[in-house]
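Hi everyone, thanks for making time for this. I'd like to walk you through one structure today, so let me put it up on the screen.

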Amino acid sequence: MVDFNIDNYLRISPTDVILVLISTALIILFAKHFFWDKLTAFIKKRQALIQENIDSSERLKQQALEEKAVYDRKMQDAGKEAHAMIEEAKAQAGEEKAEILAAARTQADRIRQAAAEDIVREQRRAEKDMATAISSVALSAAEALVKKEADDSMRANFVADFIQQAQEDDRWQKS
């Protein structure tokens, strides 16, 4: 078997340290000469992209806040507008109610006036009918008096009957 000693692997020799430092410096110089500009350009480009994303998100956030404020104002205006519309509808309903009531009062007055006119017409017609009835009764009484040639006591009875009949016709008309 191979003789394996762990101390050989864990030792730090100054020669190994110097060789590692020289090789690292050569790698850094080689990378700086060929890749450093590309690496810094890539890092700057990446930083610019990240900064642009941050700025863009800030702008979007600000724009969203502005739109929210506009939306809130619109909602307030819509609420005020709805309230104004309701108030206007109430006022219009009140006006329509007043117009309807005025029209109803006017129509009721017309109906009352027409009824009063009908009553006056009926009253005049009844008066004419009564006058006609009284005239016919008077004519009938006069004819009866003329035909009978009765004495004075009979004529007095006829006149009394005539007056009584006229009073009954007058009472009938007043009822």
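Let me start with confidence, since what you see is a predicted model. The average pLDDT over the chain is 84, and 86% of the residues score at least 70. Where is confidence lowest, and where is it highest? The low point is helix 1, residues 6-10, with a mean of 69, while helix 2 has the highest mean, at 92. Please keep helix 2 in mind, as we'll spend some time there.

Now the overall layout. The secondary structure consists of four helices and zero strands, and reading along the sequence gives the pattern α-α-α-α. How many of the residues are buried? Of the 175 residues in the chain, buried ones make up 4%. The chain exposes about 15,900 Å² in total, and 61% of that area is supplied by carbon and sulfur atoms.

With that in hand, let's go to helix 2, which covers residues 14-34. Which residues form a nonpolar patch on the surface? They are Ile18, Ile22, Leu26 and Leu29, and together they have about 410 Å² of accessible area. Let me pick out Ile22, which sits in helix 2. Its relative accessible area is 46%, and because partly exposed covers the range between 20% and 50%, Ile22 is classed as partly exposed.

Next, the aromatic rings. The structure has two aromatic pairs. One is formed by Phe30 and Phe34, whose ring centres are 4.8 Å apart, with 55° between the planes, and that makes the pair a tilted one. Phe30 and Phe34 are both in helix 2, four residues apart, or about one turn of the helix. The other pair brings Phe30 together with Phe35: here the geometry is edge-to-face, at 6.4 Å centre to centre and 75° between the planes. For those of you who like the angle criterion, Phe30 and Phe35 count as edge-to-face because their 75° is over the 60 degree cut-off.

So what do the ring pairs link together? They join Phe30, Phe34 and Phe35 into a cluster. And are these rings buried or exposed? Phe30 is partly exposed, at 49% relative accessible area. Phe34 is also partly exposed, with a relative accessibility of 46%, and Phe35 has a value of 46% too and counts as partly exposed.

Let's move on to the charged side chains. How many salt bridges does the structure hold? There are five, and I'll show you some of them in helix 3, which runs over residues 36-148.

Take Arg112 and Asp109 to begin with. Their side chains meet in a salt bridge, at 2.8 Å from N to O. Both residues are in helix 3, three residues apart, about one turn of the helix. Arg112 counts as exposed, because its relative accessibility of 55% is over the 50% cut-off. Asp109, on the other hand, is partly exposed, at 41%.

Further along helix 3, we come to Glu122 and Arg125, whose side chains form a salt bridge at 2.4 Å, N to O. Glu122 and Arg125 are about one helical turn apart, because they are three residues from each other in helix 3. Arg125 also has a salt bridge with Asp129, with an N to O distance of 4.0 Å. If you're wondering about the spacing there, Arg125 and Asp129 are four residues apart in helix 3, so about one helical turn separates them.

Which residues end up linked in a network of salt bridges? Those are Glu122, Arg125 and Asp129. As for accessibility, Glu122 is partly exposed at 43%, Arg125 is partly exposed at 45%, and Asp129 is partly exposed at 43%.

Let me close with a quick recap of what to look for on the screen. In helix 2, find Ile22, one of the residues of the nonpolar patch. Then look for the ring cluster of Phe30, Phe34 and Phe35. Finally, in helix 3, look for Arg112 with Asp109, and trace the salt-bridge network through Glu122, Arg125 and Asp129. Thanks for listening, and I'm happy to take questions.

Terms used: Residues numbered from 1 in each chain as written. Predicted model: local features only at pLDDT ≥ 70, side-chain atom pairs only at ≥ 80, totals over all residues. Heavy atoms only, no water. Patch = residues over 30% accessible without salt bridge, like charges linked within 9 Å, V, L, I, M, F, W, Y side chains within 5 Å. Areas by Shrake-Rupley, 256 points an atom, 1.4 Å probe, with all protein chains shown as cover. Helix = DSSP H or I, 4+ residues; strand = E, 2+ residues; numbered from the N terminus. Buried < 20%, exposed > 50% of the residue type's maximum accessible area, 1.4 Å probe, protein only. pLDDT = per-residue confidence, 0-100. Phe/Tyr/Trp six-rings, centres within 6.5 Å; stacked < 30°, edge-to-face > 60°.
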